[in-house]
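Visitor: Mind walking me through this one? I'd like to ask a few things with the picture in front of me.

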Amino acid sequence: ERFKKGDSVVAATGFVSMGTYAEYICLPAEPEQGAIAFKPANMTYAEATPVPVGGLEALYFLRQGNIQDGQKVLIIGAGGTIGTFAVQLAKYFGAEVTAVDSTEKLDMLKTIGSDQVIDYTQEDFTQSGETYDFIVDITGTSSFLQSLKSLKRNGCYLIANPRLSQIIRGKWVT
């Protein structure tokens, strides 16, 4: 009922059907059973393709942190599919965003809204003395114990790696 023949859509097909390369696939139209949406008219398919997966995952992870306007957020692995959405969504929620990634991605991260960028190949964010309300590690590569130094009291630290996915609410004095 929501979609008709010829509609331009994008979807997260899940790991069962793996329809990434399919021109035709059957999916449930109900939002609670599948992630399917109209493709925005001003986006190409190439631009819209990462939205159902990277965008939805970023939104899910950021909601776990319950970001509030004015909070400081650090995103480790900000230059990937999930990370670029996370940067933009965190800004939308009103956060001050620091993005951590490699040298070649820093300009892009500034362009999409990062307030600060850190090149992990040149600098260790845990040594800067900055503290954050929410740290999301998309790559799962930061040292949890080292990262605690950068987490504000009652802050939230999230490992957003699917294999390691967990949320830890910090209650530590740094």
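Visitor: How many bridges join β3 to β6?
Guide: One caution: this is a predicted model, where local features need pLDDT of at least 70 and side-chain atom pairs count only at pLDDT 80 or more, while totals for chains, interfaces and linings use all residues. Strands here are DSSP runs of E with at least two residues, helices are runs of H or I with at least four, and both are numbered from the N terminus. Two strands pair if DSSP finds at least two bridges between them. β3 and β6 run parallel, and the number of bridges joining them is four.

Visitor: And which residue of β6 does I75 stand opposite?
Guide: For finding your way, residues are numbered from 1 along each chain as its sequence is written, and side-chain values use heavy atoms, with hydrogens and water left out. β6 covers residues 132–137. There, the residue opposite I75 is V136.

Visitor: What stands opposite I75 in β4?
Guide: β3 and β4 also run parallel, this time with five bridges between them. To get from β3 to β4 the chain passes through α4, in a right-handed β-α-β crossover. Right-handed means that, with the strands pointing away from the viewer, the path from the first strand over the helix to the second runs clockwise. In β4, the residue opposite I75 is A99.

Visitor: How many of the residues of β3 are buried?
Guide: Buried means under 20% relative accessible area, exposed is over 50%, and partly exposed is in between (1.4 Å probe, protein chains only). In a regular strand the side chains alternate between the two faces of the sheet. K72, L74 and I76 point one way from β3, V73 and I75 the other way, and all are buried. The strand is largely enclosed by the rest of the structure, because the buried residues number five of the five.

Visitor: Is A86 buried or exposed?
Guide: A86 sits in helix α4, residues 81–92. Other residues buried in that helix include I82, F85 and V87. The relative accessibility of A86 is 3%, which means the residue counts as buried.

Visitor: What is A86 in contact with, leaving aside its neighbours within four places in sequence?
Guide: Contact means heavy atoms within 4.5 Å. Among what covers the buried residues of α4 are α3 (51–65) and β3 (72–76). A58 is one of the buried residues of α3, and I75 belongs to β3. The full set for A86 is A58, L62, I75 and I138.

Visitor: How far apart in space are A86 and V136, C-alpha to C-alpha?
Guide: In sequence, these two are 50 residues apart. V136 is the β6 residue opposite I75, and I75 is in contact with A86. From C-alpha to C-alpha, A86 and V136 are apart by 9.1 Å.

Visitor: How far apart are the end C-alpha atoms of α4?
Guide: The expected span of a helix is 1.5 Å times one less than its number of residues. With 12 residues, α4 should span 16 Å, so the model agrees with its end C-alpha atoms at a distance of 17 Å.

Visitor: Where is N66, the residue with a positive phi near 50 degrees?
Guide: N66 is a residue other than glycine with that positive phi. N66 follows α3, a helix of 15 residues that reaches 20 Å from its first C-alpha to its last, close to the 21 Å expected. The place of N66 is the loop between α3 and β3.

Visitor: Which backbone nitrogen does the side chain of Q71 reach?
Guide: Q71 is in the loop between α3 and β3. Not counting residues up to four places away in sequence, Q71 touches residues including N66, G94 and D133. A polar contact is a pair of N or O atoms within 3.5 Å; within protein, one must be able to donate a hydrogen and the other to accept it, and residues adjacent in sequence count only if both atoms are side-chain atoms. At 2.9 Å, the side chain of Q71 reaches the backbone nitrogen of Q68.

Visitor: How far is the backbone nitrogen of K72 from a polar atom of the side chain of D133?
Guide: D133 is in strand β6 and counts as buried, with a relative accessible area of 18%. K72 and Q71 are among the residues that D133 touches. From the backbone nitrogen of K72 to a polar atom of the D133 side chain, the distance is 2.7 Å.
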